[in-house]
Amino acid sequence: MSSFHLVNVWTDPGPGPGGYNPMAASMLWLPDGHHLGHAAPAFVFVHQWGGYPYDPLPTQLAPELADNGFGVLSLCLRRRGMEGQLAAMPANDLQDIKLAIDYLHTNGFSRIFLVGEGIGGLSALLYASRQRDTRVAGVCW
């Protein structure tokens, strides 16, 4: 049976759009018996426009993946939509994906796969192509 945790991948705890502190917790599922710091492969789920880390797709898929030995981080994209980005590719997604990968890598996850839904899939593809981050083992859209 997998375990579930709320985690914050941001280093900036400051206010978000509108001057309030939005939900800053991403959702992390760990395989049975896994503790942060132990090597394991992991998935980062990047949601679509209007999506949240607790949407049905990641919350149904993540426990199954964790039960099969994978870590899963459903990423909270706290800054999406800032700076008039509602009609454009969200540049802040790329920074948030990097912070998620940094968090997982720092906590011992060995290979990281990006999974994106809708615009989140485009953000995952852009991150992989622009950053050429060797910690990213694959992308699924």
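## Cysteines and disulfides

At 44% relative accessibility, C140 counts as partly exposed, the class between buried (under 20% relative accessible area) and exposed (over 50%), computed with a 1.4 Å probe on protein chains only. C76, by contrast, is buried, with a value of 5%. A disulfide is a covalent bond between the sulfur atoms of two cysteines. Under the criterion applied here, a pair of cysteine sulfur atoms within 2.5 Å, the count is 0 disulfides.

## Model and conventions

This is a predicted model, in which local features need pLDDT of at least 70 and side-chain atom pairs count only at pLDDT 80 or more, while totals for chains, interfaces and linings use all residues. Residues are numbered from 1 along each chain as its sequence is written, and side-chain values use heavy atoms, with hydrogens and water left out.

## Overall architecture

The protein contains 3 helices and 6 strands. These elements are DSSP runs, numbered from the N terminus: helices are H or I runs of at least four residues, and strands are E runs of at least two. Along the sequence their order is β-β-β-α-β-α-β-α-β. The protein has 141 residues, of which 50% count as buried.

## Nonpolar core

A nonpolar core is taken as a set of buried Ala, Val, Leu, Ile, Met, Phe, Trp, Tyr and Cys residues joined through side-chain atoms within 4.5 Å. The largest such core has 26 residues, and V44, L104 and L114 touch the most other members. At least two residues of this core come from each of β2, β3, α2 (91-106), β5 (109-116) and α3 (119-131). Helix α2 gives the most, with 7 residues. In soluble globular proteins, nonpolar side chains tend to be buried together.

Helix α2 also holds I101, which counts as buried at 0% relative accessibility. The C-alpha atoms of I101 and D133 are 9.3 Å apart in space, with the two positions 32 residues apart in sequence numbering.

## Internal cavity

The structure holds 1 cavity of 30 Å³ or more. On a 1 Å grid over the protein atoms alone, a cavity is a set of points where a 1.4 Å probe fits but cannot get out, and lining residues have an atom within 4 Å of a point. Grid points are joined across faces, edges and corners, and a volume is the space filled by probe spheres set on the points. By this measure, the largest cavity encloses about 50 Å³.

Its lining consists of F43, F45, P58, L61, A62, L65, V72 and V115. Strand β3 (40-46) and helix α1 (56-67) each contribute at least two of the lining residues, and α1 provides the largest share, 4 residues. By class, the lining divides into 8 nonpolar, no polar and no charged residues; here Ala, Val, Leu, Ile, Met, Phe, Trp, Tyr, Cys and Pro count as nonpolar, Asp, Glu, Lys and Arg as charged, and the others, Gly among them, as polar.

## Aromatic pairs

A search of the whole structure yields 4 aromatic pairs. Rings of Phe, Tyr and Trp (its six-membered ring) pair if their centres lie within 6.5 Å; planes under 30 degrees apart are stacked, over 60 edge-to-face, and the rest tilted. F4 and W29 form a tilted pair, with 5.2 Å centre to centre and 50° between the planes. This pair links distant parts of the chain, 25 residues apart: F4 lies in strand β1 (residues 3-7) and W29 in strand β2 (residues 26-30). F4 is partly exposed at 41% relative accessibility, whereas W29 is buried at 6%.

Y52 and Y54 form a stacked pair, with 5.3 Å between centres and 10° between the planes. Y52 is partly exposed, with a relative accessible area of 42%, and Y54 is likewise partly exposed, at 45%. Ring pairs also join F43, F70 and F113 into a cluster; F43 belongs to the cavity lining as well.

## The loop between α3 and β6

R132 lies in the loop between α3 and β6 (136-140). Although R132 is not a glycine, it has a positive phi of about 50°. R132 is exposed, with a relative accessible area of 69%.

T134 occupies the loop between α3 and β6 too and is exposed at 76%. The C-alpha atoms of T134 and R111 are separated by 9.0 Å, the two residues being 23 residues apart along the chain.

How values were computed
1 Å grid on protein atoms, 1.4 Å probe; cavity = no way out; pocket = protein on both sides within 12 Å on 5 of 7 lines; lining within 4 Å.
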